[in-house]
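Okay, thanks everyone, I'll keep this short. Have a look at the sequence and the model while I talk, and stop me if something is unclear.

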Amino acid sequence: KTCPDHAAPFEVPAGVLGNRALIWMLPNQLVVVESDRAEELTGDPFALVPVDVLEGWKGIQRVAPRAPHLVVILHFAEDQVIYAGDGALVFCQAEGEMLDHAFEAPAYDALDRPVAHAVADSLRAAEAATFA
């Protein structure tokens, strides 16, 4: 069975997110980026965005799996940001039922999609300006 397009993983080249090696991520994987635009919009230069909004930035691209792959999804007792690929910061959601953490303030807030897209657009624009 083939992987549906919307679920195809993203290839993140070495060095793009601080990762030392090429890594693959599921489309909804939240990653930490640093951005002046994020700081303008939220007051914090570090933002959690889904990797799919970064498509096209520094070579991040959706790839069709060519063979079966093992997918590992980490869960912890509490939300965590961890290192992946020897340097990229990624978000791992707490395990358990949705209501287990419903009344706690989240330790990490992902940007909503429109703001995440604005941050991603600013990263792509900055990259384009560097090569202009």
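**Patches, loops and two odd phi angles**

Let me start on the surface: Leu70, Val72, Leu74 and Phe76 form a nonpolar patch there, and together they offer about 410 Å² of accessible area. Before I go on, please keep in mind that this is a predicted model.

So where does Phe76 sit? You'll find Phe76 in the loop between β5, residues 61-62, and β6, residues 80-84. Phe76 counts as partly exposed, because its relative accessibility is 30% and the partly exposed class runs between 20% and 50%.

There's a second patch, and this one is negative: Glu34, Asp36, Glu39 and Asp44 make it up. Take Glu34 from that group. Glu34 belongs to strand β3, which covers residues 30-34. Is Glu34 buried or exposed? Exposed, because its relative accessible area is 54% and the cut-off for exposed is over 50%.

Okay, let me zoom out for a moment. The protein has seven strands and two helices, and if you walk along the sequence you get β-β-β-α-β-β-β-β-α. There are 132 residues in the protein, and buried ones account for 32% of them. The accessible surface comes to about 8,600 Å², with 55% of that belonging to carbon and sulfur atoms.

What about contacts across the sequence? If you take the contacts between residues at least 6 apart in sequence, 54% of them join residues at least 24 apart. Here's a pair of residues to go with that. Pro4 and Ala64 are 60 residues apart in sequence, yet their C-alpha atoms are 8.7 Å apart in space. Pro4 itself is in the segment before β1, and β1 is residues 10-12. With a relative accessible area of 40%, Pro4 is partly exposed.

Now, the backbone. Which residue has a positive phi of about 60 degrees although it is not a glycine? That's Asp86. Asp86 lies in the loop between β6 and β7, and β7 is residues 88-92. Asp86 counts as exposed, because its relative accessibility is 56% and exposed means over 50%.

Exposed or not, Asp86 does have partners. Leaving aside residues up to four places away in sequence, Asp86 touches Gly18, Asn19 and Arg20. There's also a C-alpha distance to point out here: Asp86 and Ile23 are separated by 9.8 Å, and they are 63 residues apart along the chain.

Lys58 is another one to look at on the backbone. Lys58 is not a glycine either, and its phi is positive, about 50 degrees. You'll see Lys58 in the loop between β4, residues 46-50, and β5. At 40% relative accessibility, Lys58 counts as partly exposed.

To wrap up, here's what I'd click on in the viewer. Go to the nonpolar patch with Phe76, then the negative patch with Glu34, and then the two positive phi angles, at Lys58 and at Asp86. That's it from me, happy to go back to any of these.

Key: Residues are numbered from 1 along each chain as its sequence is written. This is a predicted model: local features need pLDDT of at least 70, side-chain atom pairs count only at pLDDT 80 or more; totals for chains, interfaces and linings use all residues. Side-chain values use heavy atoms; hydrogens and water are left out. Helices (H or I, at least four residues) and strands (E, at least two) are DSSP runs, numbered from the N terminus. Buried means under 20% relative accessible area, exposed over 50%, partly exposed in between (1.4 Å probe, protein chains only). Patches are made of residues with over 30% relative accessible area and no salt bridge: like charges are joined within 9 Å, nonpolar side chains (Val, Leu, Ile, Met, Phe, Trp, Tyr) within 5 Å. Accessible areas come from the Shrake-Rupley method with a 1.4 Å probe; for residues, only the protein chains shown count as cover. A salt bridge is a side-chain nitrogen of Lys or Arg within 4 Å of a carboxyl oxygen of Asp or Glu. Lys and Arg count as positive and Asp and Glu as negative; His and the chain ends are not counted. The place of a charge is taken as NZ of Lys, CZ of Arg, CG of Asp or CD of Glu. Contact means heavy atoms within 4.5 Å.
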